[in-house]
Amino acid sequence: DALRYKYNIIRYNLYLQTNRTQQCVAIFRELATHEFKYKYTFDDQQFAFMLQFIHKPPTLQSLQKCTDAEILRMVSAPLEASADPMALPQSAQERVDKKVCNGCQKAEEFRGDFKQCSACKGVHYCGKECQNKDWKRHKKACKAKTDPLTASRSH
C-alpha cells in the first residue's frame, strides 16, 4: 500500500505539471483516502489537508462528499495562481538553483558543492584557490555589502 501511495504521488505530480488536472481528481481521492486510512497526522498529510482550501474539514467523510468539480478546483488552484505552473517563488528558486563559481565561472555539478563567501554571502566559489584568486576583484563589492558605513554612504 505504501508503494502504491508513492507511485500515485508521482503520477499526481506528473499530471499536475503537464496540466492534466482532470486525471488528478481520482488520484487525489485515492491519496487522501490513504492518508485517512493510515491516520496520517495533519503535519504528515500531503493531500488530505487540502480539503480545508475548499472549506471542508479534512476528514474522510467530507472527502467522500466532495464533488469532482470541487476537487478539480482545489487541485487546479496552484496552476491558476502562477502564469508559469513550473515557477517557484523566488526564494525557493534560489534554494534549488545550482551556483556558478565567481572566480572561474564553472557551474557546480551538484547543488551545494560550492561554498559562499563567508562575509557577504553573495557569491560562491568552487574552492579556496578560486576564492583567493578572485579576492582582489571581489573585495570592494564584498566590503560594500558588509560594511555598514560604506553601505549607508552609497544610498
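User: The expected span of a helix is 1.5 Å times one less than its number of residues. So how far does H2 reach from its first C-alpha to its last?

Analyst: Heads-up: this is a predicted model, so to speak in its terms, local features need pLDDT of at least 70, side-chain atom pairs count only at pLDDT 80 or more, and totals for chains, interfaces and linings use all residues. Residues are numbered from 1 along each chain as its sequence is written, while side-chain values use heavy atoms and leave out hydrogens and water. Helices (H or I, at least four residues) and strands (E, at least two) are DSSP runs, numbered from the N terminus. H2 has 17 residues, 24 Å is expected at 1.5 Å a residue, and its reach is close to that, at 24 Å.

User: Okay, and where does H2 bend?

Analyst: The bend at a residue is the angle between axes fitted to the seven residues ending there and the seven starting there. For H2 that angle is about 30°, and the spot is isoleucine 27.

User: Which helix gives the largest share of the largest nonpolar core?

Analyst: A nonpolar core is a set of buried Ala, Val, Leu, Ile, Met, Phe, Trp, Tyr and Cys residues joined through side-chain atoms within 4.5 Å. This one has 23 residues, and Tyr12, Phe28, Phe47, Leu51 and Ile71 touch the most other members. The elements giving two or more residues are helix H1 (2-17), helix H2 (21-37) and helix H4 (68-80). Seven residues, the largest share, come from H2.

User: Is phenylalanine 28 buried or exposed?

Analyst: Phenylalanine 28 lies in helix H2. Leaving aside neighbours within four places in sequence, its contacts (heavy atoms within 4.5 Å) include Tyr12, Phe47, Leu51 and Ile71. Buried means under 20% relative accessible area, exposed over 50%, partly exposed in between (1.4 Å probe, protein chains only). Because its relative accessible area is 0%, phenylalanine 28 is buried.

User: How many Å apart in space are phenylalanine 28 and leucine 72, C-alpha to C-alpha?

Analyst: Along the sequence, 44 residues separate phenylalanine 28 from leucine 72. In space, C-alpha to C-alpha, the distance is 9.3 Å.

User: What relative accessible area does histidine 55 have?

Analyst: Most residues other than glycine have a negative phi. Histidine 55 is not a glycine, yet its phi is positive, about 60°. You'll find histidine 55 in the loop between H2 and helix H3 (60-65). It counts as exposed because its relative accessible area is 75%.
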